[in-house]
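Keep the sequence and the 3D view side by side. The walk below moves from one element to the next.

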Amino acid sequence: MPLYEQMRTEDLGLIQLLGSPMLAAVKTKLSSDKMLAAVPSMASNNLDTRTIISTTATYDIEVINGLAWLQQEGKIKDGDKIGAIYLQNEAGENAMAGLKFYAEKHGMSVVESPIGATDTDMTSTVTKMKSEDVAVIVAMNSPAQASSIGVQMKAQDMPIPLLGWGPTYAPTLVSNPEIVAAMKDNFYIATSAAAWTSESETATKVREEFEALGVSDPASSTIFVGYLSGMAWGAILQQACDDGDLTRQGVMDARTKVDNLETDGLTGTLDFSDPGAPTTRETHIAQLDAELPGGTTDAAPLATSEEAKEYKAPFQK
């Protein structure tokens, strides 16, 4: 908070605001200060203010698209039972809203297992899911928790899909051979960002510039997510310049005029015109691939499911 207090008197806006706790701490102040902030991934129930823009799909959309893809591929079907292991926080509950929407449309029942941020051993949770004979497990939690789920599914002979949202992946997953062996064939990630090895012109440019920095951080698609914040701000500032108003209010007004920002496949086309709606409903489906830089490969290209198109976020018009 002291850092924000300093920035609010000097800065036009925040090019990137990371983490649900940080967003919760400054959300009200952002609104009263009319200070625009780009959030790389978020719960759609935070879209109740014009001062926040999401540069990727929201958590509920990611889960809806992930389930739709699994059904399209014949891995789940109408009437199946979904196992839902989710964090008891704003992010996890938003993802659950998407899951329940999809389940209701397809006559599916849901076996819920809420967990806390410090829970790491998923043995009993997976045992519960097996006893309930679920057809899929959806992990809406951290990479460490998702890996524990995947390893336990392998140990307990559960050859069913494990679906994660964007935050379930981190490069640390592919650094552990046991995790890779357990999860490489049945773990699917509904993610807003393209795999690090994406071949688009913009992806190639970002990779080259990142590698030229010589930093020790492992490469991953999260770097694309950071770049997207810059793309979003660039488009909004250009609109504000065209309008001749670079005040905070001018920037707030400009964001609603940016409704078709192409990202060259880094994520979906971004539309900031309705502050209460997800800015994109397109997501990728990724799988682990320890042999590739970044650790994932695209199992399916950017797409929006019919269910995601129908879904209405809490604050959209």
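Asp 157 comes after helix 6 and has a positive phi, near 55 degrees. The model is a predicted one, and this is a good place to enter it.

Step back into the helix itself. Helix 6 covers residues 143–155, 13 residues in all. From its first C-alpha to its last it reaches 18 Å, close to the 18 Å expected at 1.5 Å a residue. The helix is mostly covered, with 10 of its 13 residues buried. Among them are Pro 143, Ile 149, Gly 150, Val 151 and Met 153. Polar residues are on the buried list too, including Gln 145, Ser 147, Ser 148 and Gln 152.

What covers these buried residues? The cover includes strand 3 (81–87), strand 4 (109–115) and strand 5 (136–140). Strand 6, helix 5 (123–131) and helix 7 also take part.

Strand 6 leads on to the next element. Strand 6 (residues 162–165) runs parallel to strand 7, and 4 bridges join the two. One pairing to look up is Trp 165, whose bridge partner in strand 7 is Ala 190. Helix 7 (residues 177–183) belongs with these strands: strand 6, helix 7 and strand 7 form a right-handed β-α-β unit.

Now look at strand 7, residues 187–191. Why is this strand described as largely enclosed by the rest of the structure? All 5 of its 5 residues are buried, and buried means under 20% relative accessible area, so the strand is largely enclosed. Both of its faces are covered. Phe 187, Ile 189 and Thr 191 point one way, Tyr 188 and Ala 190 point the other way, and all are buried. Strand 7 also pairs with strand 8 (residues 283–288), this time antiparallel, through 3 bridges. There, Ile 189 stands opposite Ala 286.

Follow the chain past strand 7. Ser 200 lies in the loop between strand 7 and helix 8 (201–213). Its relative accessible area is 14%, which is under the 20% cut-off, so Ser 200 counts as buried. The side chain of Ser 200 reaches the backbone oxygen of Asp 264 at 3.1 Å.

Finish at Val 63, in helix 3 (residues 59–72). Val 63 is buried, at 2% relative accessibility. Beyond its neighbours up to four places away in sequence, Val 63 touches Ala 95, Leu 99, Val 138, Met 140, Leu 163 and Trp 165. Trp 165 is the residue already met as the bridge partner of Ala 190. From Val 63 to Gly 150 is 87 residues in sequence and 18 Å in space, C-alpha to C-alpha. Gly 150 is one of the buried residues of helix 6.

How values were computed
Residues numbered from 1 in each chain as written. Predicted model: local features only at pLDDT ≥ 70, side-chain atom pairs only at ≥ 80, totals over all residues. Heavy atoms only, no water. Buried < 20%, exposed > 50% of the residue type's maximum accessible area, 1.4 Å probe, protein only. Helix = DSSP H or I, 4+ residues; strand = E, 2+ residues; numbered from the N terminus. Pairing = 2+ DSSP bridges. Right-handed = clockwise from strand over helix to strand, strands pointing away. Expected span 1.5 Å × (residues − 1). Contact = heavy atoms within 4.5 Å. Polar contact = N/O pair within 3.5 Å; in protein donor to acceptor, adjacent residues only side chain to side chain.
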